[in-house]
Amino acid sequence: MSDATIPTDASDLTDEAAALDAADELRAKRDAFALDDETGADTVYLDGNSLGALPRAVPARLADVVAREWGQLRIRSWEESGWWTAPERIGDRVGRIVGAAPGQVVVGDSTSVNVFKAVVAAVRIAQERGAHRDQIVVDEATFPTDGYIAESAARMTGCTVRAVAARDVPTAVGPRTAVALVNHVDYRTGRLHDLPGTTAAVHAAGALAVWDLCHSAGALPVGLDAHGVDLAVGCTYKYLNGGPGAPAYLYVAREHQPRFDSPLPGWNSHADPFGMDAAYTPADGAVRGRVGTPDILSMLALEAALEVWDDVPVEAVRAKSLALTDFFLRCVERYVPAGRVRSVTPAAHAERGSQVALRCADAGPAMAELVRRGVVGDFRRPDVLRFGFTPLYTGFAEVERAARVLADVLDEVG
């Protein structure tokens with residue numbers, strides 16, 4: 001079956017895709033992104049859960065930052081161009097998307113560094129409540145970095161790590177638990193974990209909850225304040241489209257900020273950073289999450305990228321995400337021969353993030369061929385095809401095309 005040939009039994013799906021695109025309230029947002037490939041051809045880009053597409057506003061903003069703010073104003077830009085306050089200003093933009101009131105999110109450093117800050121600080125807060133709290137509970141299927149850092153944080157704080165399935169965290173926490181570190185969405189399968197229920201169970205045990213939002217922020221409502229989350233971290237280069245290596249963010253609930261004792265007390269988080277005092281005195285508020293000099297170029301690229309969110313309700317993004325993933329699964333079921341792939345992403349909406357992971361015996365060569373044909377997802381060893389759906393720029397016709405190309409590829413590689 002050729003990529004250009006629509007099977008006779010698919011006309012209803014192609015018509016449905018056209019109707020869904022016509023009714024899509026987020027459709028106009030697609031024009032805000034650069035989505036052609038290097039040849040100018042249209043690409044079905046389903047890898048926004050690894051690296052979001054480039055917002056068209058970013059190049060001009062960066063050009064101005066480089067040529068005028070850095071090139072002409074130079075050192076004056078720390079004040080005149082707002083460089084010094086960028087981590088908190090941009091943090092508030094992220095906060096709106098993840099459900100955090102102003103003054104609780106700071107942007108900077110990497111996700112890994114922020115996980116370290118969050119977990120160690122959370123353990124210290126928990127141990128103020130009781131020295132017997134010497135256990136860090138982690139999601140056993142966590143992204144590797146989170147596991148590595150939890151082990152390091154445990155060594156530093158006299159704790160041990162207990163790894164359990166994310167669904168078992170509510171029953172695994174107890175009187176010895178200091179912190180539970182959980183991924184909101186599993187990066188392999190796209191399974192959405194129960195943030196409100198898990199957080200409530202962790203609190204009932206007297207512990208703190210730290211959430212990794214890398215695969216949920218920008219794809220679905222998070223509700224950090226509404227659900228009483230203690231601390232959270234996340235990257236900005238996936239669904240937030242901040243660019244490769246864009247700075248991450250750290251959320252510290254307002255109630256914990258006075259006791260937030262960072263294991264990385266840099267000069268930028270000092271109460272008087274330019275006083276150059278040899279003794280460390282932490283600043284108030286979200287500023288405590290800062291460490292060193294902000295990475296201004298990537299930070300201001302992120303700020304420009306986040307402008308696309310100014311008039312976007314996260315609830316609309318979630319509704320479209322579920323519709324896209326539902327439609328993709330239906331198209332795969334229709335086009336792909338039975339038995340060639342198996343979805344490991346939950347069918348239930350309450351358990352699904354914004355990606356679909358398909359187990360496939362030929363996953364490696366299949367994904368390479370999909371990319372060659374202009375359908376970009378990614379491969380996770382040993383046998384998973386992973387497709388991420390970014391509602392701001394992904395359309396239903398693209399989803400239908402991706403399923404057809406997948407069927408073609410599997411027909412040929414099998």
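These legends go with close-up views of helix packing, a pocket and a few backbone oddities in a predicted model.

Before you zoom in, know that local features need pLDDT of at least 70 and side-chain atom pairs count only at pLDDT 80 or more, while totals for chains, interfaces and linings use all residues. Residues are numbered from 1 along each chain as its sequence is written, and side-chain values use heavy atoms, with hydrogens and water left out.

**View 1. Helix α10 packs against helix α12**. Here α10 (residues 314-335) and α12 (residues 396-413) have axes 9 Å apart and an angle of about 30 degrees. Helices (H or I, at least four residues) and strands (E, at least two) are DSSP runs, numbered from the N terminus. Axes are lines fitted to C-alpha atoms, for helices over the stretch in contact, and angles run from 0 to 180 degrees between N-to-C directions. The pair is therefore roughly parallel (under 35 degrees; over 145 is roughly antiparallel, 65 to 115 roughly perpendicular and the rest oblique). The crossing of α10 and α12 is right-handed (the near helix is turned clockwise from the far one by less than a right angle; anticlockwise would be left-handed). On the α10 side, look for residues including Phe 327, Phe 328 and Tyr 335; they and their neighbours in the contact meet α12 residues, among them Phe 396, Val 399 and Leu 406. Contact means heavy atoms within 4.5 Å. Sorted by class, this contact has 13 nonpolar, no polar and three charged residues (Ala, Val, Leu, Ile, Met, Phe, Trp, Tyr, Cys and Pro count as nonpolar, Asp, Glu, Lys and Arg as charged, and the others, Gly among them, as polar).

**View 2. Helix α9 meets α4**. The axes of α4 (residues 86-98) and α9 (residues 296-306) come within 10 Å and cross at roughly 35 degrees. This crossing of α4 and α9 is left-handed. Among the residues making the contact are Ile 90, Val 94 and Ile 97 of α4, plus Met 299, Leu 302 and Leu 306 of α9. The contact of α4 with α9 breaks down into nine nonpolar, no polar and three charged residues.

**View 3. Helix α9 also packs with α2**. The axes of α2 and α9 sit 9 Å apart, at an angle of about 140 degrees. That makes α2 oblique to α9. The two helices make a right-handed crossing. Contact residues include Leu 62, Val 65 and Trp 70 of α2, with Leu 297, Ala 301 and Ala 304 among those from α9. The tally for α2 with α9 is eleven nonpolar, no polar and three charged residues.

**View 4. The largest pocket**. Its volume is about 370 Å³ (the space filled by probe spheres set on grid points, which are joined across faces, edges and corners). A pocket is an open set of points on a 1 Å grid over the protein atoms alone where a 1.4 Å probe fits, with protein on both sides within 12 Å along at least five of seven lines; lining residues have an atom within 4 Å of a point. Of the 18 lining residues, Ala 165, Ala 166, Arg 167, Arg 191 and His 193 lie nearest the centre. The lining has seven nonpolar, three polar and eight charged residues.

**View 5. Backbone oddities in loops**. Arg 381 and Pro 382 are joined by a cis peptide bond, with omega about 5 degrees. Pro 382 lies in the loop between β14 (378-380) and β15 (384-388). Arg 74, in the loop between α2 (57-73) and α3 (77-80), has a positive phi near 50 degrees without being a glycine.
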